[in-house]
Amino acid sequence: MSEGGTSGAFLGLSTTSSAVSLSGMVGETTPLVNQRDVETGPASYGVRNDDDASDADSLPPLSSSSKRNSKFARRVRYYVPSTAWIPDYSMSYLGGDLLAGISMAAMLIPQSVSYGTSLAKLSPTAGLFAASIPPLMYSLLGGSRQLNVAPEAALSLLVGQSVTDYRHNYPNDDPDHIGVSVATAIGLQVGLFASFLGFFRLGFLDVVLSRALLRGFVTAVALVIAVEQLVPMFGLADLENTLQPESTLDKIIFLMEYVWSDGHRLTTIVSFSALAALILFRAFKNYFKNTPWIYRLPEVLIAVVLATVLSKEFRWDEQGVAILGKVSAHTGSHFFKFPLRKSTHRFIRGTTSTAILITILGYLDSIVAAKQNGDRFGHSISPNRELVALGAANLFGSFVPGTLPAFGSIVRSRINGEIGARSQLASLVTAAIVLLVTFFLLPALYYLPKCVLASIICLFVVTLFAELPHDLIYYYNIGAGTDLVMMFITFFLSVVWNIEIGIIVSLIISLLLVIRRSSKTRMTILVCFVFLHETSTSPELLGIQGRIPGTEQWRPVADNPEAEDVPGALIVRIRESLDFANTSQLKGKSRSFAKEAKVILIVGLTSQYACADSSLYGVERAHPSDEPRRQAARVLVFHMADVETCDASAVQIFHELLETYKASNRGVRLFVTHLRPNIRKMFENAGIVDMLGADAFYDTLAEAMAKVEGG
C-alpha cells in the first residue's frame, strides 16, 4: 500500500489465497485503462510507430472478404492469446522472462516436492508434474502474462485428505496405486468443471464469497496445515500411521500426548532449525529489498541443498531421520495416459465434491492474482477465458497420472512480475526447468530429510497467520461485526469438522446474505448521465443521459434529442446498497470508465458496471475485441443517494480504487456526493476521508459539477 495516503486507522486487508495474501494488491501503480485492453483481451505485444499508423491510414479500404478475415483474426487472438504474444514477442522482454522463469523454478522445485509428499501424501513427482505440465497449456490459452500456475497448499491438502480416506477404505490395495488414481480422477474433474464454468460464462463466481469468509477459511486451512506438518517435524509420522487420528482436533490431542514421550530428538532439531533459518533468511532478504541479487536469492532451494548435503554427510537416515529416498519419474509404459480408465473410474463419483471445491478455491486465487497483475502491468483479464484456460491446463495435466491440480498463486505471480516476467514465456521457461529437474536431478535429493519439507510448508503457514491481525483490526475499526462473526463461523467449522464442510457452509452463508440483501425494495430518481440498475450479480443498462439546454435537468438522450451530451462526462447512479457480491470487480471495470480521465466524480459505487461496453463502444452491441467507438470519459459521476448500507468488502474495494487513482500520478481529481452519515462514518474509520480531504465531499450533484466546471 502506498504510504502517506491513508490514515493510521486503515490497515490493508488481504484476501484469501491458499498460501498467499492480497496485502500488496492496493499499492500498485496502474493506468486507469489500457487503450488496447478495454474490457478484456490482451494488449498488442508489438510496437507500432506513427509512420506505420500513417501508412496504414493511406491504404485502400478493405474488401468485405478482408474485413471478415480481419475480424476472424481478432477473434482468434482474443480467445487464443498465444497467437498474439508469440508472433509479436518483443526481444526486449527476453532477459526479464528468462530471469523470472529461472527464479520461479528455483522456488517451485522444493515447494512442489513438499506439497506432493507432505500434503497430498503422494510421490514428489505429483507436485513437480503439476508445476510443469499444466503451465504449458495455460501459457497458450491464458490471458495473464505473470500468472504462475502450479500446485497450491490448500488444494494439495484436499487431495491428500481424499487419498488418505481411500487408502483406509481399500487397505489391501497398493497405496501408491490408489494415490495416483485418486489424484488423476480429481485432476480430470477439476479440468472439466473449470472448462464448463468458463464456456457457460460463469466467471462471476469470484464474487460469491466475501473476504471475511475467505479470511476465516484461509486461517483455518493454515491451522490444519500447521498441525499436519508438526507431526513429521517431531518425528511422529510412523506413530500417526499406527493410531490414525482423523480430525484436526484429534491430531492436536495426539501431538500433546506423544510429542514429549515419543518425539524423535534429532528430527525435531533438524526441522525446527530449518524453519528458523528460513524465517531469518527471509527477514534478511526483506531488509535488503533494494539489493536485487540478495532479494532474489532462493532461500528455500538453498535450505533444501544444505539439508541434503548435511544429511548425507552425517548419515541422518541411520540415526532415525526419515529421508526422501529413491524417487522415480516413471509413469508406466507411456508418459501420457488417458485419465478416464478403469483404475480411476471407481474413484470419480467419490471425489466429485472435492474436485468442485478445488475448482472454486483455485479459481478464486487465480483470478485475484491475474487481475492484480493485469492492473499493475496494464492488461485486462477475462474471468471466463481464465476459467477455460485453467480448465484446459488441468485437463492436460490429468493425462500424466498422479498430477496434482494446478492454479495461480498471488504471491508467486507477484514475485514473477517483480523479477521481470512480461509474457507467458516466463512460465514456459519455469515449466521446462522443472521437467528437466524431475527427470535428471531428482535422484540428487535422495538424502533430503522429509522433516525439512514440512518446515518449508510451515514457512508459508507463518505468512498466512501473519495476515490475520491486520484483517481483524480492519474489520474492528470499521465496525463490521457481521463480517467478524462470519469469519469466526467459517474458521470454527473448518477446524472442528473438516475443510470441505467449512467451505460449503461459507458458500451457503454467502448466498443467503446475497439473497437477503437483494430482496430489499429499491427506490431511485432518474437524474443521471448513465443510469444503472444493479442486481446482486447482473446489472442492467437503462439509458444514456444528457442535460436539457438551459437547465440542470438530466434526461435520456433517446427520449430527448435536444439533450446535450457533456463531452467526456459520465454519471452513474446505483439503485441499491453495496456489499461484497456487487463490488468485487470495481477496480477493473472502473478503468474502462475512466480511460484517460482527468476528473472523476464519485457519487456512488458499484463493481459490476454493465454499461462499460456502452461507455466505450456506444449503445450498439459490440465484441470486447473491437475498437472503442465513443469518446473516453474524463468525468465519472456515481450517485450514492440510494445507497443505504455498505459492507466492509465494499469499503475496502472503494479504498483500493482511490489508492490506484492516487498512485497513477495522472492528476485525477476525486469527489464524493450524496453520502449518507452511516457510510461516511465507515469511510472516516477506513481513512478514505483523510485520503481525499474534506473538500472532496459534497451534498448535491450540482455543487460537485460546479466545482468541476469551475476548475
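Modeller: Before we begin, note that helices, of at least four residues, and strands, of at least two, are DSSP runs numbered from the N terminus. Lysine 121, to take one residue, has its place in the loop between α4 and α5 (124-130). Please keep in mind throughout that this is a predicted model.

Colleague: What is the phi of lysine 121, and is the residue buried, partly exposed or exposed?

Modeller: Phi of lysine 121 is positive, at about 60°, although the residue is not a glycine. Lysine 121 counts as partly exposed because its relative accessibility is 27%, and the limits for that class are 20% and 50%. Histidine 674, in the loop between β9 (669-673) and α26 (677-686), is another residue other than glycine with a positive phi, here near 55°.

Colleague: How many helices and strands does the protein have, and what percentage of its residues count as buried?

Modeller: The secondary structure comes to 28 helices and 10 strands, and 57% of the 711 residues count as buried. If we take the contacts between residues at least 6 apart in sequence, 81% of them join residues at least 24 apart. The surface that the protein exposes is about 29400 Å², of which carbon and sulfur atoms supply 60%.

Colleague: Where in the protein is confidence lowest, and where is it highest?

Modeller: Where pLDDT is low, the predicted coordinates should not be read in detail. In this protein the average pLDDT is 77, and 71% of the residues score at least 70. Strand β1 (residues 149-150) has the highest confidence, at a mean of 96, while strand β3 (residues 530-533) has the lowest, at 38. Over residues 521-543 pLDDT stays under 50, and the model has 87 contacts there beyond four places in sequence. Residues 603-620 also stay under 50, with 86 such contacts.

Colleague: Let us turn to the helices. What span should the 16 residues of helix α14 have?

Modeller: At 1.5 Å a residue, helix α14 (residues 299-314) should span 22 Å, and this agrees with its end C-alpha atoms, which are 22 Å apart. The same reasoning works for helix α8 (residues 175-199), whose 25 residues should span 36 Å and whose end C-alpha atoms are 36 Å apart. Just after α8 comes arginine 201 with a positive phi of about 55°, and α14 is followed by arginine 315, whose phi is positive too, near 50°.

Colleague: Which residues of α14 are buried, and why do they lie on the same side of the helix?

Modeller: An α-helix has 3.6 residues a turn, so residues three or four places apart point the same way. In α14 the buried residues are Glu299, Val300, Ala303, Val304, Ala307, Thr308 and Ser311. They cover an arc of only 165° around the axis, which puts them on the same side of α14. The face turned away from that buried side carries the exposed residues Leu306, Val309, Lys312 and Glu313. Among the elements that cover the buried residues of α14 are α4, α12 (265-287) and α20.

Colleague: Which residues of the largest nonpolar core touch the most other members?

Modeller: This core has 91 residues, and Val159, Ile225, Ile358 and Leu448 are those that touch the most other members. Helix α20 (residues 450-477) provides the largest share of this core, 11 residues. A second, separate core of 29 residues includes Ile478, Val651, Met691 and Ala696. To return to isoleucine 358, its contacts, not counting residues up to four places away in sequence, are Leu155, Leu158, Val159, Ile186, Val190, Pro405 and Phe407.

Colleague: Is serine 494 buried or exposed, and which residues is it in contact with?

Modeller: Serine 494, in helix α21 (residues 481-496), is buried, because its relative accessible area is 1% and the limit is under 20%. Leaving aside neighbours within four places in sequence, serine 494 is in contact with Phe217, Ala220, Val224, Ile499, Gly502 and Ile503.

Colleague: How many residues apart in sequence are alanine 322 and proline 232?

Modeller: They are 90 residues apart in sequence, yet 8.7 Å apart in space, C-alpha to C-alpha. Alanine 322 has its place in the loop between α14 and α15 (342-348) and is partly exposed, with a relative accessible area of 43%. Alanine 322 touches Leu448, Pro449 and Lys450, not counting residues up to four places away in sequence. Leucine 98, in helix α4 (residues 94-119), can be read in a similar manner: leucine 98 and glycine 420 are 322 residues apart in sequence and 8.3 Å apart in space, C-alpha to C-alpha.

Methods
Residues numbered from 1 in each chain as written. Predicted model: local features only at pLDDT ≥ 70, side-chain atom pairs only at ≥ 80, totals over all residues. Heavy atoms only, no water. pLDDT = per-residue confidence, 0-100. Contact = heavy atoms within 4.5 Å. Core = buried A, V, L, I, M, F, W, Y, C linked by side-chain atoms within 4.5 Å. Buried < 20%, exposed > 50% of the residue type's maximum accessible area, 1.4 Å probe, protein only. Expected span 1.5 Å × (residues − 1). Arc of directions from axis to C-beta. Areas by Shrake-Rupley, 256 points an atom, 1.4 Å probe, with all protein chains shown as cover.
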